[in-house]
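Dear colleague,

I am handing over the structure below, and I would be glad if you could keep it open beside this message while you read.

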Number of protein chains: 4
Amino acid sequence: MGSLAALNSTCFTQCSPFKLKDQLNCSKQRAVCIRASAVSSPSLKSENYRIGVLGASGYTGSEIIRLVANHPNFEITLMTADRKAGQPIGSVFPHLATQKLPDLIAVKDADFSSVDAVFCCLPHGTTQEIIMSLPRDLKVVDLSADFRLQDISEYEEWYGQAHRAPDLQKEAVYGLTEIYRSEIQGAQLVANPGCYPTSVQLPLVPLMKANLIEVKNIIIDSKSGVSGAGRGAKEANLYTEIAEGINSYGVTRHRHVPEIEQGLSEAVGSKVTVGFTPHLMPMSRGMQSTIYVEMAPGVSTEDLYQHLKSFYENETFVVLLNKNEIPHTRHVRGSNLCLFNVFPDRLPGRAIIISVIDNLMKGASGQALQNLNLMMGIPEKTGLSSLPLFP
Amino acid sequence: MGSLAALNSTCFTQCSPFKLKDQLNCSKQRAVCIRASAVSSPSLKSENYRIGVLGASGYTGSEIIRLVANHPNFEITLMTADRKAGQPIGSVFPHLATQKLPDLIAVKDADFSSVDAVFCCLPHGTTQEIIMSLPRDLKVVDLSADFRLQDISEYEEWYGQAHRAPDLQKEAVYGLTEIYRSEIQGAQLVANPGCYPTSVQLPLVPLMKANLIEVKNIIIDSKSGVSGAGRGAKEANLYTEIAEGINSYGVTRHRHVPEIEQGLSEAVGSKVTVGFTPHLMPMSRGMQSTIYVEMAPGVSTEDLYQHLKSFYENETFVVLLNKNEIPHTRHVRGSNLCLFNVFPDRLPGRAIIISVIDNLMKGASGQALQNLNLMMGIPEKTGLSSLPLFP
Amino acid sequence: MGSLAALNSTCFTQCSPFKLKDQLNCSKQRAVCIRASAVSSPSLKSENYRIGVLGASGYTGSEIIRLVANHPNFEITLMTADRKAGQPIGSVFPHLATQKLPDLIAVKDADFSSVDAVFCCLPHGTTQEIIMSLPRDLKVVDLSADFRLQDISEYEEWYGQAHRAPDLQKEAVYGLTEIYRSEIQGAQLVANPGCYPTSVQLPLVPLMKANLIEVKNIIIDSKSGVSGAGRGAKEANLYTEIAEGINSYGVTRHRHVPEIEQGLSEAVGSKVTVGFTPHLMPMSRGMQSTIYVEMAPGVSTEDLYQHLKSFYENETFVVLLNKNEIPHTRHVRGSNLCLFNVFPDRLPGRAIIISVIDNLMKGASGQALQNLNLMMGIPEKTGLSSLPLFP
Amino acid sequence: MGSLAALNSTCFTQCSPFKLKDQLNCSKQRAVCIRASAVSSPSLKSENYRIGVLGASGYTGSEIIRLVANHPNFEITLMTADRKAGQPIGSVFPHLATQKLPDLIAVKDADFSSVDAVFCCLPHGTTQEIIMSLPRDLKVVDLSADFRLQDISEYEEWYGQAHRAPDLQKEAVYGLTEIYRSEIQGAQLVANPGCYPTSVQLPLVPLMKANLIEVKNIIIDSKSGVSGAGRGAKEANLYTEIAEGINSYGVTRHRHVPEIEQGLSEAVGSKVTVGFTPHLMPMSRGMQSTIYVEMAPGVSTEDLYQHLKSFYENETFVVLLNKNEIPHTRHVRGSNLCLFNVFPDRLPGRAIIISVIDNLMKGASGQALQNLNLMMGIPEKTGLSSLPLFP
């Protein structure tokens with residue numbers, strides 16, 4: 001078995017740092033390794049996992065299904081959608097009709113002993129009770145907001161209801177992958193971050209940890225595609241109401257505020273308050289946060305740039321652009337990338353940080369898959385190698 | 001003549017303050033007055049004016065033509081477009097094909113003695129020389145940037161070329177109608193404001209004049225539709241490059257910065273520096289400025305609201321919304337409206353001002369027509385009564 | 001009174017054939033006439049009419065309100081919307097918030113004695129009963145499908161319910177303005193045509209009346225913007241479900257089929273069956289019908305062109321383009337125009353007719369206003385002079 | 001070596017018929033096989049191929065690069081773009097910036113001995129000369145129109161210039177994969193089909209071969225996204241000129257007509273003439289052909305459906321939907337799928353066939369990769385397993 005261990009070790013080290021392009025080659029290499037070791041070790045079979053998707057009739061659910069379809073280790077064997085129970089996925093999402101998948105069932109009818117992990121794509125509120133009822137050995141990535149706020153009084157304040165699973169909350173790991181990677185690897189329940197908080201924290205957390213920017217006067221002007229609002233039939237999200245126009249919404253009162261402040265406060269070790277104004281954009285996918293910050297005394301935008309560069313230099317998905325290059329949401333569409341850059345502000349002592357993601361990918365389902373990969377001990381990028389779809 | 005004067009006076013006073021709906025009724029009334037007075041006073045005939053459009057093949061030019069088509073006192077008798085000279089307007093803008101209009105000619109072939117006023121929709125740079133060459137008694141509304149900056153050294157700095165008409169610059173009146181109305185009425189040459197500066201100055205100038213907001217840390221995050229980039233064939237503005245995505249551009253270096261700072265500096269009597277980041281939106285028309293300001297000590301958002309309310313209460317086109325209502329660009333599309341509102345920021349002592357316009361209307365051709373109406377002594381709103389086109 | 005009659009007659013004849021541009025001048029002229037005659041004839045006051053809009057919370061209702069805002073003779077004094085009763089129009093349609101209008105009320109609370117005419121923008125089915133209950137002297141333009149089909153058995157077949165007002169049906173005049181103008185002038189109840197039928201019949205009816213095209217093998221491939229589906233909150237019409245994609249719908253079973261066939265059958269004097277396939281487009285407004293026809297023996301596309309040219313040469317809104325020019329929906333957006341043209345097909349003996357309208361204007365509210373103008377004896381184009389909004 | 005051959009044979013047979021989901025599993029299996037055989041057989045190295053992309057600065061070129069990035073056997077080692085020579089791909093297509101790829105060079109500087117195959121994404125006309133100059137052992141998939149028409153007089157008629165490589169034309173195989181699979185496998189030069197012809201021929205060719213539809217009166221109404229027009233900077237393709245509107249173009253004169261007619265004529269053994277009207281849609285990707293056909297006497301739509309069902313039942317990418325399901329372009333976006341269905345027409349004896357593809361994928365680069373896979377002897381679906389991106 002010694003030689004097999006050596007082989008496996010080679011497999012993994014050869015592939016790092018796993019540029020996107022290398023991933024499939026790595027997969028291939030790893031496949032060999034796996035197969036090779038499989039000869040002598042039945043435990044390798046554990047590399048194939050049965051996955052459940054709770055709430056498969058929404059956009060984050062369908063995005064999980066789309067991604068897992070090309071994942072070599074995961075297979076979806078359970079999908080729930082209470083109001084669509086009994087239907088095939090193709091009747092709910094025709095773009096998935098070519099897939100062989102089980103029919104949708106009601107969550108109450110699900111046999112959770114038959115899956116190894118679940119993505120929970122349910123609305124906040126009900127999520128807590130459902131997750132509480134799951135077998136404890138099930139790995140869970142929860143895409144709702146229900147386990148994101150460590151302080152349950154904050155949850156109650158912003159969501160207007162008591163938290164129903166405070167004990168579970170204590171166990172939950174916040175799934176901002178590049179920041180909490182080691183915690184996520186050992187987690188049983190990951191609270192997958194919101195889209196806005198992901199786009200904001202990825203650039204800001206390293207800068208705040210290093211005390212390069214001030215905690216005061218952080219102004220975040222964010223812009224989101226409409227898919228962030230989900231698939232619910234609301235007049236405000238009709239094509240006719242969205243196309244060819246923009247608007248702010250939830251000014252200062254958006255529920256992602258406490259999540260952003262929690263992450264930044266943890267980074268800097270004291271309570272941070274931010275200004276946050278989200279805007280709705282006439283596009284289905286994509287999110288940009290334009291972040292206006294005050295630098296610490298003596299700090300330059302060059303310092304911010306260099307710090308972010310070294311912080312993220314080994315990351316596949318979080319990419320600091322070359323200087324002066326401006327991130328576009330269209331250059332991340334359909335991918336798990338977060339692109340960002342730093343610019344000097346015309347106002348002395350201030351800088352502008354621009355960060356873009358696909359809200360359904362790094363802002364939701366892509367990051368969720370990245371997290372489950374980590375939790376299952378398989379390479380983080382597996383199933384996430386598609387390049388952005390442009391145009 | 002006494003009774004006629006009285007009649008005219010009645011006509012005009014009856015119609016004020018000219019709500020949009022009243023305009024056509026007023027037109028009707030006025031038509032009677034005009035006709036009535038015309039009997040005894042041939043000078044009244046001067047209420048019908050011949051208008052030239054220089055640069056009629058771009059979007060601001062076509063928008064002028066669209067508006068003037070329903071203007072009872074203006075008639076377009078001259079249109080230039082050097083590269084399209086000889087063509088009917090319908091071959092350049094098929095949506096205008098139903099109009100009886102002269103063919104496009106080269107500007108060098110134009111007989112300016114045959115018109116009473118011109119809209120100049122030419123690119124910056126060449127504009128100065130052309131306007132210098134016009135008969136001095138011609139009323140001119142210039143939609144380019146060429147006469148907007150009073151300090152010609154600023155022009156040189158931002159536009160990279162010497163100003164060629166410094167004497168004319170001294171005469172030029174900045175055409176932000178609601179702020180400089182009386183100056184515009186007597187002007188011979190009006191420099192029509194840029195779209196971004198219009199959206200920013202309309203809410204900020206009154207607040208700064210009243211010292212309600214600080215001059216420091218003004219952060220402006222603006223979002224514009226693509227028509228602001230004009231009709232030039234550029235790869236970056238192709239449908240495929242714009243649809244379903246957003247991006248910042250010209251970060252801190254956009255040429256509208258000095259114009260905004262000039263207006264705010266004049267309001268407050270000292271040099272103001274702003275942070276300004278424009279964003280390109282996947283929509284043809286519309287502009288929003290989300291403006292983050294610091295209030296003066298002791299000032300509340302309620303103070304800002306009340307001041308703006310009283311400042312603009314008699315205006316037709318500049319409208320402060322009811323409290324908490326959020327302006328949408330789609331609610332001004334095709335109209336000359338500027339809608340805005342004031343919101344408390346989560347950051348103590350700061351406020352958020354959101355302002356929306358149609359960049360081709362109040363941000364360009366609509367305001368240009370409003371200005372020429374004033375310069376010609378006819379009611380400011382004439383020809384601008386169309387409501388927004390929604391959806 | 002003789003001289004006043006002469007004056008009035010001058011007024012009206014001078015302005016015909018009322019090109020779009022001339023309309024406001026005509027209004028002005030007419031205003032003089034009206035005023036002049038008003039001195040001696042109080043009955044002239046009847047030129048100002050109080051208008052009700054039933055179902056003002058949908059897109060056809062809001063479009064009526066938008067248009068009437070600039071109509072010199074009509075004023076909206078009553079608006080119903082059962083589920084929004086008690087609200088101001090600005091809370092339902094913020095783009096109309098600048099208008100002084102009565103609040104929305106429930107239809108059961110409406111006092112119909114206070115209005116001179118109503119636009120009925122209610123869903124089919126309930127429309128019949130409401131219209132039956134209205135005072136008989138009220139002029140009604142019904143935008144629903146309820147009175148369009150002369151044969152009530154066809155109504156029952158396609159709408160799945162018995163017709164509840166068969167007597168009223170007999171009185172109803174089909175409101176395809178350019179074809180049934182004289183009938184509409186005398187009508188009490190006009191059934192305003194559907195959008196698809198308008199786009200198809202305007203070019204086809206004259207050709208079929210003249211026996212220039214065969215009744216067989218008429219294939220209509222139509223494309224519509226999403227506003228045709230109304231403002232109801234349906235998943236299928238969300239921005240995310242519509243943007244960047246197209247699809248056919250209701251293949252061969254769309255309810256506009258019997259209306260199209262009725263119009264063509266009447267034109268030719270025998271039963272016509274058509275193939276009709278509608279498609280949903282990622283745009284809010286606009287409709288194109290691409291119509292594939294077989295010409296009668298010996299007939300050429302030139303014959304079709306010349307016949308349409310002479311048939312519509314005095315019309316303002318229905319415009320045959322110059323040869324080879326292709327109609328675009330974007331060139332009619334926001335206007336009451338129908339643009340069309342005729343092309344030879346590659347298949348011998350066949351021709352292609354392309355027709356475009358704004359589905360909310362000539363396809364609904366614009367034509368409705370055109371019809372009510374006729375019914376009220378005022379110039380047909382009043383209030384409809386806005387040029388298309390482009391871009 | 002016998003056992004290795006057996007192993008390899010197992011690898012390949014186990015994976016067929018390669019459903020989308022199975023592909024990566026197969027890859028994994030195959031990887032094992034490859035590795036296993038690699039030990040004893042250096043020839044296995046030939047499974048990794050060096051690929052050139054000529055004309056990499058256009059949309060079909062960038063789409064090839066996007067796909068090959070996840071292809072386990074292909075690596076791009078050469079990219080040309082004359083006007084962008086010297087630039088990294090990331091400066092031309094920022095969405096590809098995360099890839100390690102050679103810089104763009106001029107085609108004249110390319111060393112074609114260093115590649116095993118090329119995708120030629122150049123404009124028609126110049127393509128012929130460049131392909132003539134390539135080494136004869138290079139496999140070529142040409143995405144231009146230059147080798148699609150077997151009859152070079154047709155080329156001259158529709159493209160207005162003489163064909164410069166008539167000998168090469170004789171060798172070229174038309175790359176409609178599912179129809180000409182065996183010919184493509186042995187081809188040196190494949191003429192990749194146009195997007196419209198792909199969408200039309202895939203459903204029609206089997207039906208015509210089986211004499212189920214008449215050759216006369218085939219009417220094709222096609223709708224395409226804007227990316228089909230390429231990345232050239234043209235006023236007509238600006239966002240402002242395309243958004244929120246539709247139009248026909250090239251009525252009866254589009255250059256894809258002879259290609260469609262060639263394919264159908266070959267299927268039926270006699271000259272077929274079709275009516276073909278393309279339409280431009282406000283979307284970046286996607287294409288629908290709505291095809292109106294006359295069935296042969298006694299044939300029903302059920303017959304058409306069953307024939308298509310059996311013809312394509314083993315295909316991965318060409319999918320007949322369940323009865324009554326309507327294909328949407330949004331359900332194939334970003335994938336290599338062609339979805340279609342058959343509907344009865346209201347006109348007796350006629351049927352409607354609706355077919356959708358992503359014009360850049362099955363309509364261009366996806367099919368090109370599918371073809372090169374075949375030519376290189378590797379599984380046809382390799383690198384094409386991404387599911388559609390929705391929303």
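Please bear in mind throughout that this is a predicted model. A good place to begin is A:Cys195, which lies in helix α9 of chain A, the helix that covers residues 195-209. In the UniProt record, an unreviewed entry, the feature "active site" is placed at A:Cys195. Is this residue buried or exposed? A residue counts as buried when 20 or more other C-beta atoms lie within 10 Å of its own, and A:Cys195 has 27 such neighbours, so it is classed as buried. Leaving aside residues up to four places away in sequence, A:Cys195 is in contact with A:Ser224, A:Gly228, A:Met287, A:Ile357, A:Asn359, A:Gly363 and A:Ala364.

Turning to the two chains, 42 residues of chain A are in contact with 42 residues of chain B. Several elements of chain A give two or more residues to this side, including β7 (218-224), α10 (239-242) and β13 (350-357), while β9(A) gives the most, with four residues. Sorted by class, the side of chain A that touches chain B holds 18 nonpolar, 15 polar and nine charged residues.

How are the two copies related? A turn of 180°, with a shift of 0.0 Å along the axis, lays chain A on chain B with an RMSD of 0.0 Å, and the copies are therefore related as by a two-fold rotation axis. Among the residues of chain A, A:Pro282 comes closest to that axis, with its C-alpha at 3.3 Å. Both copies use the same surface, since 100% of the contact residues of chain A recur in chain B.

With best wishes

How values were computed: Residues are numbered from 1 along each chain as its sequence is written. Chains are lettered from A and ligands numbered from 1 in the order in which they are written. This is a predicted model: local features need pLDDT of at least 70, side-chain atom pairs count only at pLDDT 80 or more; totals for chains, interfaces and linings use all residues. UniProt positions are given in the numbering used here, feature names are shortened, and annotations may be inferred rather than shown by experiment. A residue is buried if 20 or more other C-beta atoms lie within 10 Å of its own, exposed if 12 or fewer, and partly exposed in between; C-beta atoms are placed from the backbone. Two residues are in contact if their C-beta atoms, placed from the backbone, lie within 7 Å. Ala, Val, Leu, Ile, Met, Phe, Trp, Tyr, Cys and Pro count as nonpolar, Asp, Glu, Lys and Arg as charged, and the others, Gly among them, as polar. Copies are superposed by least squares on the C-alpha atoms of residues with pLDDT of at least 70 in both.
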